[in-house]
Amino acid sequence: MQIKILEEHEQPLSQWVTLVSRRVSGDAAGASREFHSFKQADYVSVLAITRDGLVPLVKQFRPAVKDWTLELPGGLLDMDEPPEKTAGRELLEETGYRPGRVRLLGRLAPDTGRLENSLWAYFATDLDPAPDWHPEAGVERIMVSEVELRAAILDGRFCHALHIAIVCM
């Protein structure tokens, strides 16, 4: 049985997301089905550790889950910026730390059934605090030890599945 995309349509919903509809053949009886996915910019997230062993996290309100979350620093990939540069920029903007070294851990698929983007996962070390840093509105920097991060994962305070995947990497 050969799968074939028969028809594809894109409908922009906002500056952030486009709904993609695809009619796909391949049913044994010759029938086709419609599938939907969302096209959006790639994510870039960075797990960082300071020279004294602390991990900077960010706390912010997320309307999608209607709650405050603890997350790794990160953001959306700008089309004209390499992912590694986005990782360093987001780390600085959200936590006030400049990375000395940034290493790619991997490129992950956030949801192969519904999302058409990637997650670029980075690890940053040799952090230097930026003396002129001012916190981003609505984003609070939280510094935790590795033991505290593990506890936050286990008790559900740090529950972003993609960010837990980065920690595991």
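The expected span of a helix is 1.5 Å times one less than its number of residues. In this predicted model, that rule can be tried on helix α1, which runs over residues 83-95. With 13 residues at 1.5 Å each, α1 should span 18 Å, and its end C-alpha atoms do sit 18 Å apart, so expectation and model agree. Right after α1 comes glycine 96, with a positive phi of about 85 degrees.

As for burial, the buried residues of α1 are Pro83, Thr86, Ala87, Gly88, Glu90, Leu91, Glu94 and Thr95. Arginine 89 is not in that group: its relative accessible area is 23%, and because buried means under 20%, arginine 89 counts as partly exposed. Glutamate 93, at 33% relative accessibility, is likewise partly exposed. The side chains of arginine 89 and glutamate 93 meet in a salt bridge, with N to O at 3.3 Å. The two residues are four apart in helix α1, so about one helical turn separates arginine 89 from glutamate 93.

Salt bridges turn up elsewhere too, with 14 of them in the structure. One pairs the side chains of aspartate 42 and arginine 107, at 3.8 Å from N to O. This contact ties together distant parts of the chain: aspartate 42 lies in the loop between β3 (33-39) and β4 (43-48), while arginine 107 belongs to strand β9 (residues 101-108), 65 residues away. Aspartate 42 has a relative accessibility of 15%, and therefore counts as buried.

Strand β9 also supplies a partner for another salt bridge, this time through arginine 101. Its closest N and O atoms with aspartate 126 are 3.0 Å apart. Here again the pair links distant parts of the chain, 25 residues apart, with aspartate 126 placed in the loop between β10 (119-125) and β11 (128-129). What about the accessibility of the two partners? Aspartate 126 comes out at 28% and so counts as partly exposed. Arginine 101 reaches 54%, which puts it in the exposed class, because that class begins over 50%.

Some of the salt bridges share partners, and in that way Asp78, Glu81, Arg89, Glu90 and Glu93 are joined into one network. Among these, Glu90 is one of the buried residues of α1, whereas Arg89 and Glu93 are partly exposed.

Technical notes:
Residues are numbered from 1 along each chain as its sequence is written. This is a predicted model: local features need pLDDT of at least 70, side-chain atom pairs count only at pLDDT 80 or more; totals for chains, interfaces and linings use all residues. Side-chain values use heavy atoms; hydrogens and water are left out. Buried means under 20% relative accessible area, exposed over 50%, partly exposed in between (1.4 Å probe, protein chains only). A salt bridge is a side-chain nitrogen of Lys or Arg within 4 Å of a carboxyl oxygen of Asp or Glu.
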